[in-house]
Each structure stands twice: as structure tokens, then as C-alpha cells.
Amino acid sequence: MHWSPEQVKALDAVGRWLKTGSDGPQVFRLFGYAGTGKTTLAMHLAAGAGTTLFAAFTGKAAHVLKTKGCPGASTIHSLIYKPRERGTFRLNDLEKQLAALIEQLHAEKPDIPEDKIEAWLSTNENVRNLRSEIAAEKKAGRKPLFELKAETSPLREADLLIIDECSMVGDRMAHDMLSFGKKILVLGDPAQLPPVSGSGYFTEAQPDILLTEIHRQARDNPIIDLATRIRNGEEVEIGDYGESRVIDLTDADKSLYTGHDQMLVGTNKMRRGCNQEFRRLLGRNTAPTPVAGDRLVCLRNNHDLGLLNGSLWTVKKATPAHACRVGLDIEPADGAGLPMSVIAHEQPFLGGEVPFFEIKEAESFDYGYALTVHKAQGSQYGSVLILDESNKFREHASRWMYTAITRASDRVTVVRMR
């Protein structure tokens, strides 16, 4: 590789940091704008740093790392957490208690006709209570609770961990990574929007190195070109940019909805409207709450269940539940995670808000065909459709558009709304 002076400076700085071992800082922040070669530098450093692992917050971002040549890239969650083994003792004990109770009741009234036994047993309060507890244990067993891989994570044997798209990592996940005592090189982009609430552990401090020069191999990339123009405050004209394009709203049609991997918008009002239109086009609007096949986005972290804010899920089955709840059998839309059964709040699907005192009583999801740019931070998609609502964000307008464009790895379509 022919490195620029700025890149040589970065390589030297990271190299010195690596040599400090456990005596030096555990984290190095290598930040840079889109196209400055952060990942290329990281891969070069990994080749000489011993056993190196690559990870990202979302499955989509981890997949992009793999396509760039980062071997074995995974989600941070799968790297450091594992499903908690559920003991079967309590379930077995409850089932033994129920069997013994039924045997005792039969002995007391052996003359009850066979076709009357079930109705007779259901009148017994102890039988009902035990059956209810058994059902609850079995239902809980379908939820994959997670715990730290303190002894078995590959990170234990690694020399270096490289984290891409670090802005979405929150305090708990960061502290769990740091607990392994390994060097962590985090890659970030200061031109993006500020992290969403509950994340941004690694972006709270200033970068150790900030790359600003666009890598020569990235200069002809239309997505990088568009992002750089936006970052520099230039007005991007309507037209084609390789396979990407900027079009006027009058030239948009409904085929755009299903012609991209992900739609990004600015406001929740627009997001809800677009999600409703997606469901109508797909024939899934038979009910206001989810049906099989719907795509959902997680709205709140629950590390114990492996639910991450911004992760996408597909509904396999949906059933009504009590008190403004809906039961969901879901699986990860990007293959990162495990299928699970959850009870979710109904209000977000209906356009409402969950009262703050009820938030932790169920999981929080909404439809994920269209996402706000804020919610999509930390992830990437092959093709992205952007409805330009940047004017809603005033002083952050260019950062909003820059973040939106850099969510695409292959092509982007920007629809001018004004």
C-alpha cells in the first residue's frame, strides 16, 4: 500500500499504543470521515498485531466488515455473550408435584368416570396453580437469556479487538468488553449525528487520531463523493452519481419502496406513514398490530434477552396478549441473534407512546420498514432510500444527510422533499 502522510502518522500512533501492552491505555480511538481508510488501516494493523478480532454493534455492520475482508467479523453481542443455561430442576419438580397430586386425588375418588376426570381436576385450585406455574416455566424457557462469556469468549485469547461503527455502543456493553482486559481499537466518524440516548460510550472522548483526507481509492466512489460534498457544505444537485442518484419528489414512485434494502426518514411522523404504506403494499395491513412476515425494529436495549436498540427482526407469529400487549415469535432479520418469544407493548404499533412507568413491563418494538436516521446509526445496508427531511434538523441538517448517505454500502437514492 502507498500510505499518505496522514495515514502513516495514524499507523505509527496506533503501533506505539499497541506496544504499550497492559501498561498503556486500553482503548485507542481512530476516527475519520467516510473514505479516509479507517477500515483499511485497521486491517493492516491487524496483520501485525497477533490474534485480532473484528466486531460491530449490528449484524448488518458486521456483514459489511466481512465483505471488506475482515475475517470472522461478528456482532459484539455474539462475541462476548452466550445464552444462559436454564436449569430444568424447577420444571421437573413442578411436574412431579402435579403428578403426585393427581395420583392422590384419584386415590380419594377412584370411581370418577374417565370422561369426567379432566373437568373434575380443573376444579381443584392446587392443580390449577401447578399447571399455571408449569406453563409459565415452559414459556420463560423460550426466551434466550444471556450472560457474559467470561471463560469461553474468543476475546480471552485475542491480542486486539477492533470495533467498527462504535457510536452505538453503550456503557454496559463497553464495560463488559473492557472487562476482558484486551486492547480495543474503536473506529468512528465524528461527522455523523450525535449518538442516540443510551449509547456513545466510545464517542464521549476526543479521538486519539482523526483522519480527514479522502483515501485515493475512495475518491471515485459515488457514495463517498456525495457524503463528502454534504460534509463540506456543498449543495448536491439532482442527477445520477454512478448507480446512486438524487431525484425530486415528483419523480418518485411507489416502486422505490420495495426497490431498496432500507428506507430512512427524519421524523417519526414520516416514519409511521411510510411504514403504513409499506404494510399496505405488502398486504399486511389487515390488522394494526404485527402479523407474520412484518419487519420490526427494537426500540430499547434488553441485553439479558439479546435485544439491541435499532436491531431488525422478522415476525414469525403474533398473538394478542392482555393489557395493551402483543405476543411475538420473532427471529433476527440479519441473522445476528436467536429466535425468541417476547411480550411487546402494543402502543408503538398504533402510533402511541408507552407510559414511562410501564416501559420495563414489556419489550418495545415498532415497524421497521422505514427507520429514522437516528435509529439506523451504527448499521449499514446494501441499498438505501432516503426521504430528505434534513431541513427538520436545522444546525444538524448536513450531519443528518451525511449520516443517512453513509448507511449505504452499495447505492443510495435521495428523494428531495422540498
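These exercises with worked solutions concern one sheet, one helix and some salt bridges.

The model is predicted: local features need pLDDT of at least 70, side-chain atom pairs count only at pLDDT 80 or more, and totals for chains, interfaces and linings use all residues. Residues are numbered from 1 along each chain as its sequence is written, and side-chain values use heavy atoms, with hydrogens and water left out.

**Exercise 1.** Find the order of the strands in the open sheet, and name the edge strands.

Solution.
- Helices (H or I, at least four residues) and strands (E, at least two) are DSSP runs, numbered from the N terminus.
- Two strands pair if DSSP finds at least two bridges between them.
- The open sheet has 6 strands in the order E9-E10-E19-E18-E11-E17, with mixed pairing.
- Strand E9 (239–241) and strand E17 (370–372) are the edge strands, as each pairs on one side only.

**Exercise 2.** Describe how E9 is joined to strand E10.

Solution.
- E9 and strand E10 (residues 244–248) run antiparallel and are joined by 3 bridges.
- Opposite aspartate 240 stands arginine 245 in E10.

**Exercise 3.** State which strands helix H11 lies across, and give its angle to E17.

Solution.
- Axes are lines fitted to C-alpha atoms, for helices over the stretch in contact (heavy atoms within 4.5 Å).
- Angles run from 0 to 180 degrees between N-to-C directions.
- Helix H11 (residues 268–281) lies across strand E11 (262–265), E17 and strand E18 (381–388).
- The helix H11 runs at about 170 degrees to E17.

**Exercise 4.** Locate the salt-bridge partners of glutamate 277 and arginine 272, and classify the residues by accessibility.

Solution.
- A salt bridge is a side-chain nitrogen of Lys or Arg within 4 Å of a carboxyl oxygen of Asp or Glu.
- Buried means under 20% relative accessible area, exposed over 50%, and partly exposed in between (1.4 Å probe, protein chains only).
- Glutamate 277 forms a salt bridge with lysine 254 (3.5 Å, N to O).
- Glutamate 277 is in helix H11, and lysine 254 is in the loop between E10 and helix H10 (255–258), 23 residues apart.
- Glutamate 277 is buried at 17%, whereas lysine 254 is partly exposed at 48%.
- Arginine 272 forms a salt bridge with glutamate 353, the closest N and O atoms being 3.5 Å apart.
- Arginine 272 is also in helix H11, while glutamate 353 is in the loop between strand E15 (340–345) and strand E16 (365–367).
- Glutamate 353 is exposed at 63%, and arginine 272 is partly exposed at 24%.
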